[in-house]
Amino acid sequence: MPNNARIEHTSSEAHEGEATCVVYFNHQLFSGGADGKVRVWSESLQLLATVNAHDAYIYCMAVNEHGKLYSSSCDGLVKYMQPPYDDASVQELFRCYDAIQAMYCDGSVLYTGDDKGVVTTWSNDRMLFKYNLVEEVKSLAGEQKLIYTVRDLDVVVSLTVEGKSGKYSNKAVIPGKSPLTLLGPIVEGKRSFIAFPDRTGMGLQLVNNLPQQQFAHIWQLPNCHEWIVNSICGDDRHLYSGGYDKLVKGWTDLASPQPRALGQVEVGSWVNSICCGDNNNVYIASNDGFIRSAKFI
C-alpha cells in the first residue's frame, strides 16, 4: 500500500479517559469524551473551549446545518448547545431511559436511535415521529424520507410514510455491520454511496445509494483491517476507516470496481471515532483521550 499519509496535529490536552466521538462544523472540531465534556478545537487542534455538557460518558454527537451541536450520554440525557459553545449555552433536549447510541443531522432535521430499535426524528427541537425498527441502532443516517440503520448483521433502509406517525416500509436489507456513512457526490439531494463494514467488521463495502441503482454493490474489500472497524467517514471523493487495530486508512476512486488506497496512519491507540474536515483533514478520537488530525492527500 502506498503511504503518503501522516499525522499533522495532536491535541495538547486529552479527555479524562477515552475520547469517544468527533464532529466538524465551520472550521471547528468538537470532541466528546468519557469525562462527559465536549471540547471545542481549532482546525489545528488548539483548544478553544471545554464545556461541561454531561455528568457521564458521551456516546455520540451530531451537528446540524446551523451549528447546533447535539450530544447523548449514558446519564440518560440528550442535550444541545449553540455558539458560543459554553456551559451557559447547554440545554436539555430530552431525557431517556434507553441509550441513544447514534445520532445524525440532515440539514436541520435530527435523527436519534436507541438500543431498543427506536428512531426518532426532530425538527426545531420538537419531536416529529418515532419509528420502531426493532433492532438496536448502533449507527444511523437519514435523508429524503429514508432512514439507514445498522447493528451487527444488516444495513436496513426504511422508507417513512408521509403524514403517518411511525409508519415505514423496508426498501433494502444489505448484509453488513455498524458503522455506516453516506458519502460521495450529491445528486438531486442524495449522497451517491453508502459505506459500511461487512459482517466480520474488518472488511469494507460500498453500495450505490441513488434510486436508479437499487442499492447495488460497487465493491467489497475483505480484511481491510486486522481488527474491527469502529468508525468510518467520507466526503465527495474519499472514504476513511479506523478501528481497534489503531490504524486509520484512506481510499479514493470510489466509483471504480476497486478503490485506490491512499495509505494509513498509525494512531498508537484504538480508534473510536473519525470525521472529515475541510482541506482534506481527517480528525481522530482515540482511546488514549487525545484528538489527532491526519492528511492522506
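Start your tour by selecting Gly201: the hairpin of S19 and S20 has six residues between its strands, and here Gly201 takes a positive phi near 85 degrees. (A strand is a DSSP run of E with at least two residues, numbered from the N terminus; two strands pair if DSSP finds at least two bridges between them.) You are looking at a predicted model, where local features need pLDDT of at least 70, side-chain atom pairs count only at pLDDT 80 or more, and totals for chains, interfaces and linings use all residues. Residues are numbered from 1 along each chain as its sequence is written, and side-chain values use heavy atoms, leaving out hydrogens and water.

**Next stop: strand S19**

Select residues 190–197, which make up S19. Seven of these eight residues are buried, so the strand is largely enclosed by the rest of the structure. (Buried means under 20% relative accessible area, exposed over 50%, and partly exposed in between, with a 1.4 Å probe and protein chains only.)

Now add S20, residues 204–208: five bridges join S19 to this strand, and the two run antiparallel. Pro197 has Leu204 as its bridge partner in S20.

Then add S18, residues 181–187, which is also antiparallel to S19 and joined to it by five bridges. Find Thr181 and you will see Ala195 of S19 opposite. S18 and S19 form a hairpin with two residues between them, and in the turn Glu188 has a positive phi of about 50 degrees.

**On to Val229**

Where does Val229 sit? Val229 lies in strand S22, and Val229 counts as buried because its relative accessibility is 2%. Measure by C-alpha atoms in your viewer: Val229 and Gly201, our starting point, are 28 residues apart in sequence and 5.7 Å apart in space. Leaving aside neighbours within four places in sequence, the contacts of Val229 (heavy atoms within 4.5 Å) include Pro197, Gly201 and Leu204.

**The open sheet**

Show S22-S23-S24-S25: these four strands form an open sheet in that order, with antiparallel pairing. At the edges are S22 (229–234) and S25 (260–266), each pairing on one side only. Five bridges link S22 to S23 (residues 239–243), and Gly234 is the bridge partner of Leu239 in S23.

**Last stop: two cysteines**

Select Cys21 and Cys60. How far apart are their sulfurs? The distance is 6.7 Å, too far for a bond. A disulfide needs a pair of cysteine sulfur atoms within 2.5 Å, and the count here is zero. Cys21 is buried at 5% relative accessible area, and Cys60 is buried at 8%.
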